[in-house]
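These are my notebook entries on a single protein chain. I record what I looked up, entry by entry.

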Amino acid sequence: MGMKTRVKRCISLVILCLIPVLVRGQTGGDDPGQISGTVQARDGTRLPGVSISIKETEISTVTDDVGNYLLTGVSLGQFTIMASLPGFAEKGLAVLLENQNTVTVDITLELAELKFEITVVPDTAELMNASESIGVVSVLPSQLAALPSLGEKDIFRSLQLMPGISATNEASAGLYIRGGTPDQNLVLFDGFTVYDVDHFFGIFSAFNANAIEDITMYKGGFESKYGSRISSVVELNGKSGRSTEPSFGGGISFLSYNAYMDIPLGSRGSFMLAGRKSFQSPFSDRIRDNLSESSAGPGGAGFGGRRAALFSVQPDSSFYDLNSRLLFDLTSKDTLMFSLYKGQDVLDSSRPININRSFFQNPDGESTVTGDISGEITNLSNWGNTGLSLNWMRQWNDSFFSRFTVAHSRYFKDFDRTTELTFLDPETGEEIIPDNEGDGPRVFNRGSAEHNKLTDITVKLENDLTLNPRHHLEFGTQITQNSIRYDYNFNQETAFFDRNDTATQFSLYLQDTWVPFPQLSITPGLRATYFDLTQKTYTEPRLSIIFHATDRLRFKAAGGKYHQFANRLTREDVLQGDQQFWMLSDGDRIPVSSATHLIGGASYETQNLLFDVEAYQKKLSGLSEFASLRFGRRILEDFDLGTLFYTGSGTAEGIEFLAQKKFGRNTGWITYTLARVEHDFPQLSPDPFSASHDSTHEFKIVDSFRLNRWTFSGTWVYATGKPLTEPIGFEEVVFPNGRSLAILEFGDKNGIRLPSYQRLDLSASRDFWTGETSKANLGVSVFNAYNQRNVWRKEFDVIEDELIETDVNYLGLTVSAFLNIDLSLPSANRKAGPAWNGAENPATGEPKSKEEKKSEKVYDFYGTVESMTLNRLVVQTKWGAREFVMGSASIRGQTTQYDPGTYVHVYYMRQNGEDLVTMVVEKIK
């Protein structure tokens, strides 16, 4: 690239970064005055969705999700601003705007007095919210406790229950989305990239649900502001309470304990800290034992009439993770956010080997070895992530918003596996010494070591600009520098590979959401990235369309081009299990991978039901694989392992169906996916073959049922078995130093499949309330309830002309329990305004009261709905049934009434001998 081109690109980036400043300068003259501030309830809780307006003008706005508001274009003088929110008394404040350009006015709202209105707030949201946008799903971590788990509510495990995402990979929390692999997903946490999401054998993801506010997943056809991945995007936002009261919580399961705190920093910010740590327990031993069980014992047909043997794997694992988040409002327009994540795992799957020489007897009763065999297989992995980000968010005016992010990520993985065997005299137990020195020692030594380190430094600017109701622009720039080192030592330095690369991506993006008429939304976009390692610019056009045929029926389509510059490759190893490592594309040995997405679908949605179908096709190119053990003696002729990188293409296509019941005491969904993932690597196979993660059929049922304080849930998964490459023989090669290497011969690439996969998980939990500012949840889960033996993978070792096969299974039936405690103020109460925090009178069951203005008394208590109409509410309590009078309904939420059996929090006042309901809030889960 010439100097002139570099200068042009730098000037373009500088101009883009200056746009917010230019816009600010242009709009400053149009806004003679501004009013900003916060709106809160009397207990200090910030109130979102409050309507703020200037009386007798058309100037108005709505508070954001943390209660902030901004009014612009206000003339100098005296006027009245009005604040209103259903369930609260409307409030007016006189404001004088003189010489100051900006005035700060904070507002406190009081609970509405005797409005005779019921506000229904369903605090238990849907477990899954399928957005009207194509391929978009959102999840609230606070709802995940309802699903079966191994004691830890897990974000990525719950996402695996969504349509189009494989749920059969127990040994990886990573997401296989519509034929993509986990490395092809862009995982963003508060702006920084997370490169590995596995904890504890992959059973848990690396994210603590207590530290996450919400998750949005784009299964394909994602927007132009996201780049550098070819499959999907998972965006996580950290939690920060923003309340005036500190909150604390924690939990414990059979595997780990966790704790968190969320502390307000005055009225402008908050600080959150959350952590998890595993510990050794009988339950973790149970998981270890399940993983080490095999589907057969020693013996049985082997290769060439030989018998195979299976050895138990005794893994030992530990992990921890830590999250912190600082959020602070610098001004009414500026917010600063700092986020930190750190996590690490250690997995030791080493195992001893002790074999009696009689195991190797031939049909004539003679042993093929001269002694017993003793030794050890060392299998040690250590990996982890670190991420941090600093975000500055600026609301320039009502129509323009910017977010500037500086982020750093680090990932590492170290893997060592060696096999050392010694031949012992069966009578004395001593090591056998060879008769001739030239024969070498009777010691068998083979192994490999692998190390992978990755760093990511990213600077990006994102802008949102609303031109008018029909056009919403999003544009920005991003610079990312990656440094990746990978070294692989094969067979004790017989073969060695070491590579260290650094590269930078320069990206620009622009997209416009155009609404030509209310039923149609069209979003064209363009992203361009210059990658300096290949010295090429990659252009990525994208488009999505949403058409609302009726209020309930909508059609949707999306397509686009995507590129990926850092790839996680699979090092195929049938002997020891496949391993993954990250490397940078160089356009030669490892090409830049790309994908073209085509997606179409339709959905029909009512208040309670959703039926959705989407079909997709991905054309993949520039795929890479490292196959070091597939070509027999060829590896002995040239030990440059760099020649064993292979390039291919692929196709992923399928159709997924979803039927979801969204509301009521019984919710859940049924999903079916018919899919095919096919790869074409001419140097590995003359014909295209099924990818290792291909599963033709996958069927999932998710159900959750609430009964008073109890929640019962279950999930069932069935899927076609994954493909497998089967060894059909081997050749043993002895080196001059006495070490040996087994050269395997293989059948067709992924020519056979493992047995089909199926699993039923069940759980039951009960909520215990100790007061209005605290809660506890105790539950039990049954994982793989009917103890299905699902095969994870096969491992192979060659010892004395015998192929030793180990079937490693997934978990069998496993029972776990958990306890979670939350000492924070319930979110529904924060929305409801002031409420009494005492307990009922133990003698009469009559609630105590709290004096309000005008000597009115506000009462509240918990109970179970017996019947509910627009005029009457009957609630069953432990002291009997109570009947209340209700007025006209004022609904905030998506339901008009609660079913019998729903546990609720009732607010009411007494007047003329009757109990008048002011608010009903469903009990928080």
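**Entry 1. A distant charged pair.** Are Asp196 and Arg568 buried or exposed? I found that Asp196 is buried and that Arg568 is buried as well. I note at the outset that the model is predicted. The two side chains meet in a salt bridge, at 3.8 Å from N to O. I located Asp196 in the loop between β13 and β14 (198–199) and Arg568 in strand β32 (residues 566–572), so this salt bridge ties together parts that are 372 residues apart in sequence.

**Entry 2. The chain as a whole.** I then turned to the overall figures. The protein chain has 925 residues, of which 55% count as buried. I recorded five helices and 55 strands. Among the contacts with a separation of 6 or more, 67% are between residues 24 or more positions apart. The chain exposes about 37900 Å², and carbon and sulfur atoms supply 53% of that area.

**Entry 3. Other salt bridges.** Side chains of opposite charge can pair when their charged atoms come close. I obtained a count of 24 salt bridges. One of them joins the side chains of Arg325 and Asp190, at 2.9 Å from N to O. This pair also links distant parts of the chain: Arg325 is in strand β21 (residues 316–329) and Asp190 in the loop between β12 (185–189) and β13 (192–193), 135 residues apart. Arg325 counts as buried because its relative accessibility, 9%, is under 20%. Asp190 is buried too, with a relative accessible area of 1%.

I next looked up Arg759 and Asp761, whose side chains meet in a salt bridge of 2.9 Å, N to O. Arg759 is buried at 8% relative accessible area, and Asp761 counts as buried at 4%. In addition, I noted one network in which Arg178, Lys219, Lys556, Asp612, Glu614 and Glu656 are joined by salt bridges that share partners.

**Entry 4. Gln478.** I found Gln478 in strand β27 (residues 471–490). Why does Gln478 count as buried? Its relative accessible area is 16%, and the term applies because that value is under 20%. The side chain of Gln478 makes a polar contact of 3.0 Å with the side chain of Thr480. Beyond four places in sequence, the contacts of Gln478 include Thr458, Val459, Lys460 and Arg527. I also noted Leu461, which is 17 residues from Gln478 in sequence and 6.5 Å away in space, C-alpha to C-alpha.

**Entry 5. Asn750.** I placed Asn750 in the loop between β43 (740–746) and β44 (752–753). Asn750 counts as buried, at 10% relative accessibility. Which backbone oxygen does the side chain of Asn750 reach? I found it to be that of Ser690, at 2.7 Å. The side chains of Asn750 and Ser692 are joined by a polar contact of 3.4 Å. Setting aside residues up to four places away in sequence, Asn750 also touches other residues, among them Phe689, Pro723 and Thr725.

**Entry 6. A four-stranded sheet.** I traced an open sheet of four strands, in the order β3-β2-β5-β6, with antiparallel pairing. The edges are β3 (60–62) and β6 (91–97); each has a single partner strand, so one side of each is left without a neighbour in the sheet. From one strand to the next, the twist averages 20°. Within this sheet, four bridges join β2 (residues 51–54) to β5 (residues 77–84). I recorded Ser51 as standing opposite Ser84 in β5.

Methods
Residues numbered from 1 in each chain as written. Predicted model: local features only at pLDDT ≥ 70, side-chain atom pairs only at ≥ 80, totals over all residues. Heavy atoms only, no water. Helix = DSSP H or I, 4+ residues; strand = E, 2+ residues; numbered from the N terminus. Buried < 20%, exposed > 50% of the residue type's maximum accessible area, 1.4 Å probe, protein only. Contact = heavy atoms within 4.5 Å. Areas by Shrake-Rupley, 256 points an atom, 1.4 Å probe, with all protein chains shown as cover. Polar contact = N/O pair within 3.5 Å; in protein donor to acceptor, adjacent residues only side chain to side chain. Pairing = 2+ DSSP bridges. Axes fitted to C-alpha atoms, helices over the stretch in contact; angles between N-to-C directions. Salt bridge = Lys/Arg side-chain N within 4 Å of Asp/Glu carboxyl O.
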